[in-house]
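These are comments for a colleague at the bench, set out as numbered points. Please read them with the sequence and the structure open alongside.

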Amino acid sequence: MLAAIVDRRPVLLCAADATPPAVCDGSIGAAAEARATDAPGERASATGERERCPDGLAVLSSGTLGTPKTIWHDPRDLLATAALVMRRLALGADDRVLVTVPLHHMYGLGAALIPALLAGAQVHLLPKANLLSFNDALRAAAPSWVYSTPHLLRTLVQRKQTAISPPCSLVLAGDGIPEPLRAQAQLVFQRVFDLYGSSELGVIAISGPNQPRALHPLDGVRAFAAEAGAAQTRLLVRHPHAATHIAQTDAPIALPQAWDTGDIAIFHHEGGFAIQGRADLSLNRAGKLLVLADLERAIMAWPGVDLAVAIALDEDSAAGKAIAVVIQPSSPALTVDALKRHAADTLPVFARPDRYALAAELPRLSSGKPDRNTITKDYRHG
């Protein structure tokens, strides 16, 4: 049972259970339970599923690349990882923590809420993830820490040109953080910490303040290259407090000791690393590795671009697999011709997209990330 402040009102939150105590105002993990019992054809019955499910707290993955996975964590491991996060960020009882991200994903629950509660900090949860709620919470709660995603952060910093007072630190996690957005975030929040983790492992590493390219693993966590000695390759992680089981469409299976994150990382000599993007969203173009997340970050730094999603097409170009980029503009004046000029001025030839599409609003997941599957289906064929 967890105590929190939601919309200026104290509430009690409970882990989702078949018979939650009547005193609870809400539950954490309810979305996972509902999904597990509602999905047709995947399970014989709710009762049968409960018998097959591992013990522990279930969370959902974000579903960025497909059907969300259900992942079971031992509560003792969640608390142990949360304690590591609390110590790394030096969260204390005097802090006021604003959590703007959903609690049924690991970022909101394991990286934000539980560490803050362990520290004895005041916790403020955002009732609606939009700019109005965000601004209201900043004024009312005067937080010393804010947990956010690039999507929500972008809406805020585009309208703020001065630092928040009193000083406030920002924890940021998620894909595609272009440099202009990061620079603006540092202006507004002064100290920005990058957090890297996954639904399967929880928090893996946190950067120092304003050092986004130098993630350092939590104590006891080992991050290493899939190819020994390679400076840039897939990232494997051994985490002492990883999830116990994982399921997508089949029965739950135990998590392996060394987890392939599916991300490509650059490894630093001093032991830190930087995430480049998803390995399965990378292409060989003209003999060079192109990480689509890198391309998206570069394009989102162009004027007039709010959001960019790059997708590989079912056709070839002179450089290799053809690429389309679907763009949500921040300015109605943005045109495809302007995008092509920016590409010619700033991107190497092998990285230039073959096609552009402008969309007033790109679909998103509940986590705020772009719904890459839907975007790919809608735009792969033009």
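1. The model is a predicted one, and a convenient place to begin is the pairing of strand β22 with strand β23 (residues 355–358), which run parallel to each other and are joined by 4 bridges. Within this pairing, V326 has A357 of β23 as its bridge partner.

2. On another strand, β21 (residues 305–317), the partner is again β22, but here the two strands run antiparallel and 9 bridges join them. The two form a hairpin, with 2 residues lying between β21 and β22, and one position that can be checked by eye is D316, which stands opposite K321 in β22. As for how far β22 (residues 320–329) is covered, 7 of its 10 residues are buried, so that the strand is described as mostly covered.

3. A308, which is found in strand β21, deserves a separate look. Is A308 buried or exposed? Its relative accessibility is 2%, and because buried means under 20%, A308 counts as buried. Setting aside neighbours within four places in sequence, A308 is in contact with E296, I299 and M300, and also with V325, V326 and I327. The C-alpha atoms of A308 and Q328 are separated by 6.4 Å, although these residues are 20 residues apart along the chain.

4. Helix α8 (residues 292–299) is also mostly covered, with 6 of its 8 residues buried. The buried residues in α8 are L292, A293, L295, E296, R297 and I299, a list in which a reader may wish to note that E296 and R297 appear beside L292, A293, L295 and I299. What covers them includes the strands β18 (273–278), β19 (282–285) and β20 (288–291), together with β21, β22 and helix α10 (372–379). Both E296 and I299 are among the contacts of A308.

5. Turning to a pair of helices, which angle do the axes of α6 and α7 make where they cross? The axes of helix α6 (residues 150–157) and helix α7 (residues 179–189) cross at roughly 65° and come within 10 Å, and α6 and α7 are therefore roughly perpendicular to each other. The crossing in which α6 passes α7 is left-handed. On the α6 side the contact is made by P150, L153, R154, L156 and V157, and on the α7 side by L181, Q184, A185, V188 and F189. Divided by character, the residues of this contact comprise 8 nonpolar, 1 polar and 1 charged.

6. A further sheet should be traced separately: it is open, it consists of 4 strands in the order β4-β5-β15-β16, and its pairing is antiparallel. The edges are taken by β4 (57–60) and β16 (253–254), each of which has a single partner strand, so one side of each is left without a neighbour in the sheet. Strand β15 (residues 245–247) pairs with β16 in the antiparallel sense over 2 bridges, and I246 stands opposite I253 in β16.

7. Finally, some totals for the chain may help to place these details. The chain has 10 helices and 23 strands, and buried residues make up 51% of its 382 residues. Of the contacts in the chain with a separation of 6 or more, 58% are accounted for by residues 24 or more positions apart.

How values were computed
Residues numbered from 1 in each chain as written. Predicted model: local features only at pLDDT ≥ 70, side-chain atom pairs only at ≥ 80, totals over all residues. Heavy atoms only, no water. Axes fitted to C-alpha atoms, helices over the stretch in contact; angles between N-to-C directions. Parallel < 35°, antiparallel > 145°, perpendicular 65-115°, else oblique. Left-handed = near helix turned anticlockwise from the far one by under 90°. Contact = heavy atoms within 4.5 Å. Nonpolar A, V, L, I, M, F, W, Y, C, P; charged D, E, K, R; others polar. Buried < 20%, exposed > 50% of the residue type's maximum accessible area, 1.4 Å probe, protein only. Pairing = 2+ DSSP bridges.
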